[in-house]
Amino acid sequence: MQFFKTFLASILGTILGVLVLILILFATLVSSSSEPEPYIRSNTVLTMDMTGDIPAYISDDPIEELFNPGAKNRMSLQNLKSNLNKASADDNIEAVWVKTNQVLASWANLETAYRYFEEYKESGKPLYFSTDDIGMNEKSYYLATLADSIFTPPVTNFEFNGFVAQFSFYGKMLDKIGIEPEIFRVGKYKSAVEPYINVTASPESIEQTRGILDSATDTFVQAVVKRTGKSTEEVNELLNSAPIERVEFAIENGLIDAYAFEDEVEDIIKQRLEMDEDDDLNTVGFSRYARVTANSAGLDVPDTSDRIAVIYSSGMILPDLVDSPFGSAGITPNKLKKQLDSAVDDDNVKAIVIYINSPGGSATSSDLLWHYIKQASEEKPVVASMGSVAASGGYYMAMGADRVLAGKNTITGSIGIFNLLFNAEELISDKIGIEYEIIKTHEYADLLNLTRPFTPAERRIIQQNVESGYEMFLKRVSNARGMSRDETHEVAQGRVYTGVAAREAGLIDEVGGLDRAIEVAADMAKIEEYRLDTYPKAEDLFESLFGSANAKMHSMLTSWMPKDLLEEAQTVRQLMDQPKGHNWMLLPIQVDVN
């Protein structure tokens, strides 16, 4: 009897605790939504902490901000542009001071951020960069090359030694545990399966990866050339020098302007703003300044009801399966269709821009995404804007748009298809000792039975299905790009391109970022003044509460894993979680230039 009393008391206590938590969360939401617009005093410096990733867009999630206070200060390209535009026009903002260390953004996103800082510099206001005890890597220094002055403490790190792309291979591991990968693919460049069957990269994989490395290197080197006045050859010689006492090396070669701790940087800025030594420097943080309206900052806001919808689609392309306990991320057909339908049904929306940041994924889901985008393009102009990566399935879905744009360093193309299956006979039978007996009604009922090798007939069937999917991919691209099947096949075969190379191959219409894509959409809609309507919209309280709780739980359980290993494990898990026999349009497991 005592057991049941204790049990019931525990249940009631848990329910009461959850209710109290929900009330606290609700109160937090209400209080945060009613925060007044900040007052910006004259002679104020906008400060921003720039570290880690810089995604294109971050949707508001107050619940996550409650669990993780740092989430409120996260930087995206969207809010970076907004704050810099306001700072350019705001008479009370005298300068921008960026405190940076290890930036991990993609090169496509870095190019966009670089352009936003360039536009801010046109206002004539100074831009300062400084670093801390962690120090700058090449990605943060690339942005810092635009600064009027760059400061560093005397004892820290400065990464200036070139770029590397990493390949991962699992062949030996699979062999040790008794699993044989069964690979079916089309396209000699379709290297997404190489990690499971090779121990070294193929010549084709090395060729396309070298193109990506060279593009990122050129972007970085030209920025350093522009800042220092050195030649391309001289900058490459500096990059090839032994990385010893790199901070002193940076000062001696004019890469960084001066040694200064953060308090000393503040004194320098005060002097340049002609402030008294005893006066405090007025500063406003990035997230606080984000609450300042464009009107208050002095920007002209178009007085029009016309809108351009910008739909951000990011992640792996997956079918609409039941969510896991840890929530789901990525691009799914139903999710995108809801956003497209909302934009199409809104009479104020005159054109749609779909920002695609995806390495691809499910072949069938990619075709469904293409269909929904094509449907929307029959109602309103649709422009596809490729972000860091829009390859394979990400490229496939873009073919439903009227126009396609990509950044210089966008990773795109990879027009190919594969099917990845595993024969676990050795693991299950020999190593574990489980035996199976199959009873079937028809010849191919056990086609996808992964406890035995495929027969030659079964291999032909699966390969033919893969080739059929590839031909459909070619058809979608041929129709969209105005190319013949053979012309498309020539530039396809799974080959990965940078944005510039994709334009030369006829796979995109123009090299340009999201801002240019919006301009193209406005031209197609024949409107001069417009506002942006951003998707996905903020979640309601229920979605935010439970979605963020799941994400937080997942983050806690995986926080101990190194970032690279975690990303690879997540990709493998997503592949394994899908229905057996699923065809894939996917990039190699890891293509990252650092």
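This is a short talk on the sheet and some of the helices in the structure above.

Good morning, everyone. One thing up front: this is a predicted model.

Let's start with the sheet. It has 6 strands, and it is open. The order is S6-S4-S3-S2-S1-S7. The pairing is parallel. Which strands sit at the edges? They are strand S6, residues 258-259, and strand S7, residues 282-285. Each of these two pairs on one side only.

Now look inside the sheet. Strand S2 covers residues 93-103, and strand S3 covers residues 127-130. The two run parallel, and 4 bridges join them. Want a residue to find on screen? Take Lys99: its bridge partner in S3 is Ser130.

Next, what lies across the strands. Helix H3, residues 77-89, lies across strand S1 and S2. Strand S1 is residues 44-52. H3 runs at about 160° to S1.

Helix H11 is next, residues 262-272. Which of its residues are buried? Val265, Ile269 and Lys270 are buried. Why do they share a side of H11? They cover an arc of only 140° around the axis, so they end up on the same side of the helix. And what covers the buried residues of H11? The cover includes S1, S2, S3 and strand S4, which is residues 149-152. So we are back at the sheet: S1, S2, S3 and S4 all appear in its strand order. Just after H11 comes Glu274, with a positive phi of about 60°.

Now a pair of helices. Helix H8 is residues 203-228, and helix H9 is residues 232-240. They pack at an angle of about 110°, and their axes are 9 Å apart. Because of that angle, H8 counts as roughly perpendicular to H9. The crossing is right-handed. Who meets whom? From H8 we have Phe220, Val221, Gln222, Val224 and Val225. They meet Thr232, Val235, Asn236 and Leu239 in H9.

Last stop: Glu458. Find this residue in helix H18, residues 456-481. Is Glu458 buried or exposed? Its relative accessible area is 4%, and the cut-off for buried is under 20%. Therefore Glu458 is buried. What is Glu458 in contact with, leaving aside its neighbours within four places in sequence? The contacts are Tyr444, Asp446, Leu447, Arg452 and Pro453.

To recap. The parallel sheet has S6 and S7 as its edge strands. H11 has its buried residues on the same side. H8 and H9 are roughly perpendicular. Glu458 is buried in H18. Thanks for listening.

Note on methods. Residues numbered from 1 in each chain as written. Predicted model: local features only at pLDDT ≥ 70, side-chain atom pairs only at ≥ 80, totals over all residues. Heavy atoms only, no water. Pairing = 2+ DSSP bridges. Contact = heavy atoms within 4.5 Å. Axes fitted to C-alpha atoms, helices over the stretch in contact; angles between N-to-C directions. Buried < 20%, exposed > 50% of the residue type's maximum accessible area, 1.4 Å probe, protein only. Arc of directions from axis to C-beta. Parallel < 35°, antiparallel > 145°, perpendicular 65-115°, else oblique. Left-handed = near helix turned anticlockwise from the far one by under 90°.
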